[in-house]
Amino acid sequence: MRRLLALRAGGKLTTGHVRLAADALGVSERTVWRWLAAAGSDETAVAGPGARSRAGATFTITPEVRGLLALWKGNVRAVHRELARRAARQSPPADAPSLTTLHRAIRRDLTLGERTGLAGGERAARKHDVFLARPRGWRNQVWETDHMQAPVLVDVDGTARRPWITWFTDCATNAITGVAVTPVHPSRESVLAALRSAVLREDPYGPFGGLPEKVRVDRGKDFLSRTVTAAFDVLDVKVEDLPAYTPHLKGTVEGLNRAVEAMFLAALPGYARQPRPGKRTSRPKDEVLLGFEDFTARLLAWRLWWNTDHCPAPLRGRTPLQAWQDDPTPLRDVSAEDLWTFTLEDAGTCMLTTGGVRFRKRDYVGPWMTGQAGIRVRVRFMPHHDHRIEVYHAATGRYLGPADLADQATEEQISAVRRARAARSRRLKKDLEAAQRERYAAATQAEAPQRLGALTTAQAEAELAQATDTDLSDLALPDLIPPAAPPAGWRTPASLAALTTPGRPIPAPSGRDSASAPDGPDGRAARPTTDEDGDAS
């Protein structure tokens, strides 16, 4: 290095000298030129080419750099510009690390998961984590449940919708014990329906079933509703409420959600995530969608194939049915009648009258109610199934029978009401969008926003008048036609008598002439007078 420096000082250093030195040291020519530049400003670089001149000068990732990486979503070049800007603002100005140094420090001090998390968030960082697998227990030891919106458009009463699937799966055997499909967003009714199909072991649900010891849920409000938790409590099933945003803690059902899409839903017509040619990703207008009934039938058939023919990898060549039958663990069964009762929502007690059972301002009647009026009953119902309730004796708990809604509207009437509601909703949505659609002038300099849209005085007055006319209470004129004068024999307060129309009084009803008398000057009823014989007049 000293010889190269001497050659450079004498002006005799050539590229050939640098090439020979690079070959001898096993580095690139660019590295030798960098060492020469460093040796010109630092004497310690002459003795040790490539060594750092100051001990402890290695750039490390500080919390400040971590914060900048998170702010710029892992953009290292943007972080480098910010560090250079901050270093230039210091007094005196400090040296900022080079971009290469910053990249090297990030690779050295941050793991791949940390770098991915700073750029894409916790969910992206979780892909680089290592998770422990729970030991496989016995059948019905633990179930997992979840909702899943199927990425398939299904024809529901002429409207394309993406149905929701609610299912229970056994963690020991990977068996799908229960499933329920809802055309729209699921509710606690979906959970209770799937639970009944999971627990019952008779046709068409078996042979999987029975009561589990524990069920894992993910803080969904449907799974933690009062009705569902009460049903689990009565059935002696423990509910494990997992922390939010931790799908890895219920990997069995999450794996099922991924498997059903890749193995079944992706091949159905109307699959929403199907790659399509062209720039637009909308589905073809001539695409024929499955009906809701057909979709449900195909899903149940796929569930049967999963349980009886498919061999998941954790079962090592066995089907869920074989794993279930090989497990000698005894099962806890419950009758269909008791299960139906326990999975109904309790609405309290009321009196059975001659008009039936009054529930939510509606009357429900049943043929078994004949001769039962006067007893106190307890009402149970399936959530959102408001056409029927189940009635039990309040004192003994004995099941009395179902009760249907009295004076129920016909299907034509219900369809007309739904069409009217949909039209009103569309009009309201259109009006709200028009009211919120505001335009502002484009700005090329920093200035206050300028709202566009001018109105004339006549237009403003007409719109305000139209808005006022919509309130019918403002149009009411109660004093336009005063009421007629009451009969002469009626006692009328002086304050009301002044508001009546003067004229011929209305004749008094028969049999009530002597029941009242006109009021006195102070508004009180006048005292009856007596004649000389003592008779009242």
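**Figure 1. The residues around the largest pocket.** In this predicted model, 29 residues line the largest pocket, and those nearest its centre are D157, H384, D386, I414 and R418. Several elements each hand two or more residues to that lining: strand 2 (154–156), strand 3 (159–161), strand 5 (176–182), helix 10 (188–199) and helix 16 (411–436). Helix 16 chips in the most, with six residues. Sort the lining by class and you get eleven nonpolar residues, nine polar ones and nine charged ones.

**Figure 2. The space inside the largest pocket.** How much space lies in the largest pocket? The answer is about 1,300 Å³. As for how such space is found, rolling a probe the size of a water molecule over the atoms shows where empty space is left.

**Figure 3. K73 and its partners, L118 and A119.** Look for K73 in the loop between helix 5 (63–71) and helix 6 (76–89). Is K73 buried or exposed? With a relative accessible area of 56%, K73 counts as exposed, because the cut-off for that label is over 50%. Setting aside residues up to four places away in sequence, K73 touches L118 and A119. K73 and A119 sit 46 residues apart in sequence, yet their C-alpha atoms are 4.1 Å apart in space. There's a side-chain link to spot here too: a polar atom of the K73 side chain lies 3.3 Å from the backbone oxygen of A119.

**Figure 4. T341 in helix 15.** Helix 15 covers residues 336–342, and T341 is part of it. The relative accessible area of T341 is 16%, so T341 counts as buried, the cut-off being under 20%. Which residues is T341 in contact with, once neighbours within four places in sequence are left aside? They are R380 and Y392.

**Figure 5. Stepping back to the whole chain.** Zoom out from the close-ups and you have a chain with 19 helices and 14 strands. Of its 537 residues, 32% are buried. The chain exposes about 35,100 Å², and carbon and sulfur atoms supply 53% of that area. Now take the contacts between residues at least 6 apart in sequence: 55% of them join residues at least 24 apart. The K73 and A119 pair from Figure 3, at 46 residues apart in sequence, gives you one place to look at sequence separation up close.

Technical notes
Residues numbered from 1 in each chain as written. Predicted model: local features only at pLDDT ≥ 70, side-chain atom pairs only at ≥ 80, totals over all residues. Heavy atoms only, no water. Helix = DSSP H or I, 4+ residues; strand = E, 2+ residues; numbered from the N terminus. Buried < 20%, exposed > 50% of the residue type's maximum accessible area, 1.4 Å probe, protein only. Contact = heavy atoms within 4.5 Å. Areas by Shrake-Rupley, 256 points an atom, 1.4 Å probe, with all protein chains shown as cover. 1 Å grid on protein atoms, 1.4 Å probe; cavity = no way out; pocket = protein on both sides within 12 Å on 5 of 7 lines; lining within 4 Å. Points joined across faces, edges and corners; volume = space filled by probe spheres on them. Nonpolar A, V, L, I, M, F, W, Y, C, P; charged D, E, K, R; others polar. Polar contact = N/O pair within 3.5 Å; in protein donor to acceptor, adjacent residues only side chain to side chain.
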